[in-house]
Amino acid sequence: MSTAAASPPMLTPPNVKVAAPALLTASIMVATVMQVLDTTIANVALPHMASSLNATQEEITWVLTSYIVASAIATPLTGWVSDRLGRRMVFLVAIAGFVLSSMLCGFSTSLPEMVIFRIVQGICGASLIPMAQSVLLDINPREKTGQAMAIYGAGIMVGPIIGPTLGGYLTEVFNWRYVFFINLPVGIVALLGIAAFMPREATKERRFDMMGFGLLAIAVGALQLMLDRGQSAGWFTSFEILLYAGLAVSGLWAFVIHCWGAKDPFVDLGMFRDRNFFMGLIFIFVIGMTLFSGLALLPPLLQKLMGYPVIETGLVMAPRGVGTMVSMIVVGRLVSRFDPRGLVLFGLGLTAWSLYLMTGFETGMDAHLIIVTGVMQGFGLGFVFVPLSTLTFATIAPHFRGDATSMFSLVRNVGSGVGISLVTVVLSRMTTVNHAEIASTLTAQSPQVRATMPQLLDSIPLYASIADRLVTQQAAMIAYIDNFFLMMLLTLCAIPVVFFLRRPS
């Protein structure tokens with residue numbers, strides 16, 4: 001490994017050779033998976049946390065909100081910090097901070113402590129994903145970019161899938177605190193690997209644009225709060241949500257105006273002149289909506305309507321991750337041989353078809369169709385993500401790469417937040433609408449009522465309660481189907497964007 005005194009190798013120029021690229025890649029991906037897992041692993045443990053920390057169900061959601069908002073605000077800082085300190089140093093500090101804050105989360109005895117440590121965890125973990133993508137692009141030659149993005153995509157996409165399963169297992173077998181303690185051995189492995197195999201790099205002076213960062217932080221933070229708090233606060237009937245919306249729009253507008261005229265802006269708007277990069281951001285926003293919203297819908301569907309326990313829910317969803325892993329291996333070899341745009345179209349078509357099949361879900365069905373559609377969707381999304389990452393950064397100038405990968409991660413996260421909020425609203429409102437429509441058919445003249453539950457005609461409260469529960473269950477099932485159909489339409493809407501991407505030479 002090079003030392004500081006011996007003319008350290010540079011990672012900033014593309015296609016730089018390192019002593020052990022495979023071991024460095026493995027170490028980077030361990031850190032990436034650790035960070036991605038924490039976006040979903042704590043979800044299933046929230047009820048247990050609420051009881052232990054004496055918090056209400058509404059208050060405990062700040063365990064998720066604080067992490068998401070802190071990570072969103074800190075992500076755009078990655079490019080500037082890595083230029084000033086070097087990516088090796090930022091990696092080491094970020095991983096160490098992430099592991100330490102995870103341990104403190106596990107030892108928390110009150111909700112304020114937990115929220116503070118989750119904020120620190122979000123800030124430390126924010127830089128890991130964009131830096132991982134940036135380094136993998138730099139240490140691999142152009143002809144191996146597809147394989148590098150396949151490895152990167154595997155960590156990004158498989159992490160959220162196995163997160164709820166792992167979180168449920170740790171919570172049931174051990175304790176909710178182990179959801180955070182699990183990061184200790186994983187983080188140590190990543191820390192030692194990066195310290196051993198990632199060479200030092202020269203830093204460069206770069207003025208910090210406090211005004212630009214402040215405006216972007218306000219816009220991103222307000223948007224994330226609006227998306228996370230919207231459903232519980234009543235969306236735009238609430239002054240709180242209107243305030244967040246106003247801050248998000250005005251902050252973003254002021255940020256663009258500031259960067260347009262600033263001498264050394266926080267984000268150089270020149271990177272958006274690259275057509276592939278700009279269209280890639282639009283594309284990943286849409287894919288972020290469909291990918292993570294689907295993952296948010298399935299666990300409550302399986303557990304609340306179909307009666308699956310937590311562990312079995314994870315097992316049923318696991319084949320989705322297998323499909324993704326297989327597609328990553330396949331597409332990593334194909335992307336340098338075929339037009340990446342064709343691979344993206346194939347992946348979109350397969351994903352849309354799987355979502356169409358999911359509109360045939362029923363409450364009494366077995367797990368066969370769930371597993372089949374999960375494998376199809378995982379396989380299709382793998383064909384989308386890897387070529388898209390390759391196309392997005394194919395023509396971007398090397399000096400934009402740090403900021404570009406940060407922006408790519410930020411837009412993907414915002415897309416996932418919008419998608420989750422969208423399907424939550426549709427699920428809630430369509431359940432109410434469907435319930436009213438189904439209940440209106442349960443009249444004394446209805447043949448179904450007379451044939452299946454004639455006791456309703458006698459106004460017996462017990463049977464009225466049973467009927468209401470059955471109607472609510474069916475109304476919710478139809479609402480889930482409506483969401484799957486909506487995600488299918490969103491996936492199809494991404495197809496025209498593919499034709500605006502240029503094939504790299």
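Q: Which helices each supply at least two residues of the lining of the second largest pocket?
A: Helix 12 (210–233), helix 13 (239–261), helix 14 (275–305) and helix 18 (401–440) do so. Helix 13 gives the largest share, six residues. A helix here is a DSSP run of H or I with at least four residues, a strand is a run of E with at least two, and both are numbered from the N terminus. The model is predicted, so local features need pLDDT of at least 70 and side-chain atom pairs pLDDT 80 or more, while totals for chains, interfaces and linings use all residues. Residues are numbered from 1 along each chain as its sequence is written, and side-chain values use heavy atoms, with hydrogens and water left out.

Q: What makes a set of grid points a pocket, and which residues count as lining?
A: On a 1 Å grid over the protein atoms alone, a pocket is an open set of points where a 1.4 Å probe fits, with protein on both sides within 12 Å along at least five of seven lines; a lining residue has an atom within 4 Å of a point. Points are joined across faces, edges and corners, and the volume is the space filled by probe spheres set on them. By that reckoning the second largest pocket holds about 640 Å³. Its lining has 22 residues, and those closest to the centre are Leu252, Phe272, Met407, Leu410 and Val411.

Q: How many residues of that lining are nonpolar, polar and charged?
A: Ala, Val, Leu, Ile, Met, Phe, Trp, Tyr, Cys and Pro count as nonpolar, Asp, Glu, Lys and Arg as charged, and the others, Gly among them, as polar. The lining of the second largest pocket has 22 nonpolar residues, no polar ones and no charged ones.

Q: Why is Cys105 called buried?
A: Buried means under 20% relative accessible area, exposed means over 50%, and partly exposed lies in between (1.4 Å probe, protein chains only). Cys105 has 0% relative accessibility, so it counts as buried. This residue is in helix 6. Leaving out residues up to four places away in sequence, Cys105 touches Met114, Phe117, Arg118, Gln121, Trp176 and Phe180, where contact means heavy atoms within 4.5 Å.

Q: What makes Phe107 buried or exposed?
A: Its relative accessibility is 54%, so Phe107 counts as exposed. Phe107 sits in the loop between helix 6 and helix 7 (111–125). Beyond its neighbours within four places in sequence, Phe107 is in contact with Arg177 and Phe181. Phe107 and Tyr178 are 71 residues apart in sequence, and their C-alpha atoms are 9.9 Å apart.

Q: How do you know that the span of helix 6 agrees with 1.5 Å a residue?
A: The expected span is 1.5 Å times one less than the number of residues. Helix 6 (residues 87–106) has 20 residues and should span 28 Å; its end C-alpha atoms are 28 Å apart, so the values agree. Helix 17 (residues 368–392), with 25 residues, agrees because 36 Å is expected and its end C-alpha atoms are 36 Å apart.

Q: What makes helix 6 largely enclosed by the rest of the structure?
A: Of the 20 residues of helix 6, 15 are buried, so the description holds. Helix 17 is mostly covered, with 19 of its 25 residues buried. Helix 4 is mostly covered as well, with 10 of its 13 residues buried.

Q: Why does Ser66 count as buried?
A: The relative accessibility of Ser66 is 6%, so it counts as buried. Ser66 is in helix 4 and, apart from neighbours within four places in sequence, is in contact with Val115, Arg118 and Ile119.

Q: Why does Ser27 count as buried?
A: Its relative accessibility is 8%, so Ser27 counts as buried. Ser27 is in helix 1 (residues 21–37) and touches Ala190, Gly193, Ile194 and Phe197, residues up to four places away not being counted.

Q: How many helices and strands are there in the protein chain?
A: The protein chain has 21 helices and zero strands. Of its 505 residues, 53% count as buried. Among contacts between residues at least 6 apart in sequence, 83% join residues at least 24 apart.
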